[in-house]
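Biologist: Could you pick out one part of this model and take me through it closely? I'd like to see how it ties in with what lies around it.

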Amino acid sequence: MTGPEENVWSGWNEPLTCRERLCAALGELSPFGRCRLRFYRWAGMKIGRGVTLGRGVAVACYPRKITLEDCVEIQPQVYFLARDEIRVGRNTAISPFVKILTSSNPNARHNALGGIFPPVRKPVTIRENCWIGTGAILLPGVTVGPMSVVAAGAVVTRDVPERCVAAGVPARTIRRI
Ligand SMILES: CC(C)(COP(=O)(O)OP(=O)(O)OC[C@H]1O[C@@H](n2cnc3c(N)ncnc32)[C@H](O)[C@@H]1OP(=O)(O)O)[C@@H](O)C(=O)NCCC(=O)NCCS
């Protein structure tokens, strides 16, 4: 395989150490906020000062690819698919059951749809002072601009400009702030 698709696959399955696996599992399961922060730090997540991590926050792939800047609030049951970098800017709030995805691939090495929907792996950035509403899904490659809101249940397929409210499936700007 040559071309851009080859780049997508290179590093797709980077190894995870036992420490990373174990600490991420304990971070997800711990009932104590301070323990969650400690376990996820030990798993390689970069966590600033004053960050809170809710119960059941789950990371698939690589905690080391996640950066949470100061005073970020991650509420319960948020799911990070961190095959590529995820950066959450300072003071941002992520509501329960949000999903942040950096890759997609329908079992492409075997599934015939793999030829139609090639594998994707792209970073996701959420800038400072944002609010991501409950149940929102952020797809690979998107950036949410500073001080913007993603409404509950939105599916973000494109960048959200700064100081906007984006809502719906697919998410569209419904107003400026
Ligand atoms: C986006 C949000 C902040 C409201 O923003 P707002 O600008 O005050 O919006 P309004 O309530 O005035 O509604 C404006 C329009 O957007 C629509 N709208 C509001 N929320 C929406 C949503 N989640 N999805 C789709 N449309 C939505 C309204 O129906 C309204 O449409 P209309 O003008 O056709 O009647 C709010 O709806 C939301 O999603 N909050 C997140 C709540 C949450 O996740 N809480 C978890 C704990 S923090």
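Modeller: Happy to! One convention to begin with: two strands pair if DSSP finds at least two bridges between them. Strands β14 (residues 137-138) and β17 just meet that mark, since 2 bridges join them in the parallel sense. Leu138 has Val156 of β17 as its bridge partner. Keep Val156 in mind, as we will come back to this residue. Please also remember that what you are looking at is a predicted model.

The part I would choose is the surroundings of the ligand. The shell includes Ser95, Gly133 and Thr134, then Val149, Ala151, Ala152 and Gly153, and further along the chain Val165, Ala167, Gly168, Ile174 and Arg175. Sorted by class, these are 6 nonpolar, 5 polar and 1 charged residues. Two strands stand out as contributors: β18 (164-167) and β19 (172-176) each give at least two residues to the shell.

Let us look at those two strands. β18 and β19 run antiparallel, joined by 4 bridges. Across this pairing Val165 stands opposite Arg175 of β19, and Val165 and Arg175 are also members of the ligand shell. Together the two strands make a hairpin, with 4 residues between them. Gly168, in the turn, has a positive phi of about 95°, and Gly168 too belongs to the shell. The loop between β18 and β19 also holds Pro170. The peptide bond leading from Val169 into Pro170 is cis, with omega near -10°. On the other side of β18, the loop that comes from β17 contains Arg163. Arg163 has a positive phi of about 50° although it is not a glycine. Arg163 counts as partly exposed, because 14 C-beta neighbours lie inside 10 Å.

Now step back to the sheet that holds this hairpin. It is an open sheet of 7 strands with mixed pairing, and its order is β2-β5-β8-β13-β16-β18-β19. Its edges are β2 and β19, each of which pairs on one side only. So one of the strands that supply the ligand shell is an edge strand, since β19 gives at least two shell residues and pairs on one side only. Further along the order, strand β8 (residues 93-94) and strand β13 (residues 131-132) run parallel and share 2 bridges, with Ile94 opposite Ile132 in β13.

In the order of this sheet, β16 comes between β13 and β18. Strand β16 (residues 149-150) is where Val150 is found. Is Val150 buried or exposed? Val150 is buried, because 27 C-beta neighbours lie inside 10 Å, and 20 or more is the mark for burial. Leaving aside neighbours within four places in sequence, the contacts of Val150 are Ile132, Gly133, Ala136, Val144, Val156, Val160, Ala166 and Ala171. One of these, Gly133, is a residue of the ligand shell as well. Ala136, 14 residues away along the chain from Val150, has its C-alpha atom 7.2 Å from that of Val150.

Val150 and Val156 are in contact, and they have the most contacts inside the largest nonpolar core, which has 44 residues. The strand that gives the most to this core is β6 (residues 79-82), with 3 residues. As background, nonpolar side chains tend to be buried together in soluble globular proteins.

Val156 brings us back to where we began, as the partner of Leu138 in β17. The strands β14 and β17 sit at one end of an open sheet of 5 strands, ordered β3-β6-β9-β14-β17, with parallel pairing. Its edge strands, β3 (58-61) and β17 (155-156), each pair on one side only. At the other edge, strand β3 includes Cys61. Cys61 has a positive phi, near 75°, in a residue other than glycine. Cys61 counts as buried because there are 21 C-beta neighbours inside 10 Å.

Note on methods:
Residues numbered from 1 in each chain as written. Predicted model: local features only at pLDDT ≥ 70, side-chain atom pairs only at ≥ 80, totals over all residues. Near = placed C-beta within 6 Å. Nonpolar A, V, L, I, M, F, W, Y, C, P; charged D, E, K, R; others polar. Buried ≥ 20, exposed ≤ 12 C-beta atoms within 10 Å, placed from the backbone. Contact = placed C-beta atoms within 7 Å. Core = buried A, V, L, I, M, F, W, Y, C linked by C-beta atoms within 7 Å.
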